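Work through the exercises below with the sequence and the model in view. Each task is followed by its solution in steps.

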Amino acid sequence: MNKMNAAMFYGPMDVRFERVDIPGPASGEVLVKVKNALTCGTDIKAYKRGHPAMIKKVPTTFGHEFSGDIVEAGEGVEGFSPGMRIVCCNAVPCQHCFYCKNNQQNLCDNLLVLNGAYAEYIVIPEKMVNLNMIEVPSHLTYQEIAIAEPLGTAVHALRLTGIKQGDTVVVLGTGPLGLMIIRLAFLKGGKVIAVGKGHERLEKAVKFGAIATVDISKIDTVEKQAEAARELTREGMGADVVIEAAGVPEAWEEALAIVRKGGRVTFFGGCKPGTTITADTKQLHYSELQLLGVFHQTPDDFRRSVSLLSSRLVDGREFIKETVPLSEVIKAFDRVKALKGIKFAIDPSRM
Ligand SMILES: [Zn+2]
Ligand SMILES: [Zn+2]
């Protein structure tokens with residue numbers, strides 16, 4: 001009794017499935033029974049090489065995209081009670097620092113990050129209860145609403161990118177986030193060209209509204225991939241907007257080769273620390289390019305994400321391949337890596 005299933009991270013490539021103590025909520029916190037947690041590229045990276053920002057001590061639980069039921073509310077919790085279905089963002093801003101006061105809460109100096117979704121129970125910190133936890137509308141499944149966290153980062157990127165109706169938008173990358181960006185760019189009225197790989201993913205891109213796709217697995221150099229994307233733009237002049245969602249420096253440079261004069265590039269995908277790119281100063285200057293980095297999301301972006309999923313303008317069900325028991329989380333990572341599914345749902349109550 002009072003024990004729960006948990007995937008414990010001991011170090012890179014070392015995750016053990018154990019029975020550990022169920023945590024208890026302090027005042028202002030709630031205890032949530034995780035009904036469903038999703039695989040995410042960030043967790044896959046953390047598993048492979050550790051993650052200094054998200055994993056500070058070991059052993060620890062990990063996983064950060066989830067939804068579940070409140071089973072216990074600590075003293076003083078308002079607006080939430082046991083039995084409610086909830087979804088959380090994975091981090092919450094402090095509301096006190098320069099960036100929070102400057103309306104850039106995504107850049108908060110003291111972001112509190114919540115990890116531990118690959119376990120049966122999780123405690124939600126007070127700040128998150130108050131700012132970044134939302135009751136799940138009753139018509140939605142636990143699986144589809146758990147997309148709210150990653151979708152929030154895509155909402156943030158699209159809000160800052162500023163697509164005009166009729167713009168040609170090239171999206172580089174057809175992973176889960178690339179596909180979300182494709183959908184949101186379509187909803188903004190963009191003519192979306194998806195550049196990526198994986199039959200299932202490229203098909204999804206079209207289903208989400210892309211008017212054309214470039215399958216990079218069939219093209220051997222980045223230069224030729226960029227050329228193929230450019231050819232699909234208006235008179236081959238290049239894209240009005242390019243959004244990079246592949247997270248590798250080659251794709252960042254490729255974005256610059258696809259954008260038109262006076263166009264805009266949004267760099268969404270995080271690359272390995274220490275990497276750099278080369279850009280032609282003549283192009284940046286004379287082509288008057290607008291380059292934009294985007295990171296994370298604000299509480300407002302998260303709310304908009306929940307609203308989009310709620311209306312199913314973005315249909316969260318499209319992203320989930322199947323639900324697997326907790327002990328299959330690493331196998332699910334491998335299947336995502338092999339492009340056999342966009343995301344998997346993990347049920348921690350089953351070991
Ligand atoms: Zn994630
Ligand atoms: Zn802050």
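**Exercise 1. Backbone outliers in two loops**

Task: Is Glu288 buried or exposed?

Solution. Glu288 counts as exposed, with 10 C-beta neighbours inside 10 Å. The classes are set as follows: a residue is buried if 20 or more other C-beta atoms lie within 10 Å of its own, exposed if 12 or fewer, and partly exposed in between, with C-beta atoms placed from the backbone. The model is predicted, and local features need pLDDT of at least 70, side-chain atom pairs count only at pLDDT 80 or more, and totals for chains, interfaces and linings use all residues. Residues are numbered from 1 along each chain as its sequence is written, while chains are lettered from A and ligands numbered from 1 in the order in which they are written.

Next, place the residue. Glu288 sits in the loop between helix H10 (281-286) and strand E16 (290-293); helices (H or I, at least four residues) and strands (E, at least two) are DSSP runs, numbered from the N terminus. Its phi is positive, about 45°, although Glu288 is not a glycine.

Then turn to Glu235, in the loop between helix H8 (222-231) and strand E14 (239-244). Glu235, also not a glycine, has a positive phi of about 50°. Glu235 is exposed, having 7 other C-beta atoms within 10 Å.

**Exercise 2. A cis peptide bond**

Task: Which residues does the cis peptide bond join, and what is omega?

Solution. The bond links Val58 and Pro59, with omega about -5°. Pro59 belongs to the loop between helix H1 (41-49) and E4.

**Exercise 3. An open sheet**

Task: In what order do the three strands of the open sheet lie?

Solution. The order is E2-E1-E4, with antiparallel pairing; two strands pair if DSSP finds at least two bridges between them. Strand E2 (14-21) and strand E4 (60-61) are at the edges with a single partner strand each, so one side of each has no neighbour in the sheet. Strand E1 (residues 3-11) is joined to E2 by eight bridges. Within this pairing, Met8 has Arg16 of E2 as its bridge partner.

**Exercise 4. Domains and their contact**

Task: Into which domains is the protein divided?

Solution. The division gives domain 1 (3-147 + 314-347) and domain 2 (154-293), with bounds from an automatic or database domain assignment. Taken over C-alpha atoms, the domain centres are 29 Å apart. Eight residues of domain 1 are in contact with nine of domain 2, contact meaning that C-beta atoms, placed from the backbone, lie within 7 Å. On the domain 1 side, four of the residues are nonpolar, two polar and two charged. Here Ala, Val, Leu, Ile, Met, Phe, Trp, Tyr, Cys and Pro count as nonpolar, Asp, Glu, Lys and Arg as charged, and the others, Gly among them, as polar.

**Exercise 5. The nonpolar core**

Task: How many residues has the largest nonpolar core?

Solution. The largest core has 106 residues, a core being a set of buried Ala, Val, Leu, Ile, Met, Phe, Trp, Tyr and Cys residues joined through C-beta atoms within 7 Å. Helix H6 (residues 176-187) gives the largest share, eight residues. Both domain 1 and domain 2 contribute residues, so this core lies between them. Ala185 is among the residues with the most contacts inside the core. Beyond its neighbours within four places in sequence, the contacts of Ala185 include Leu158, Val171 and Ile243.

Notes
Two residues are in contact if their C-beta atoms, placed from the backbone, lie within 7 Å.
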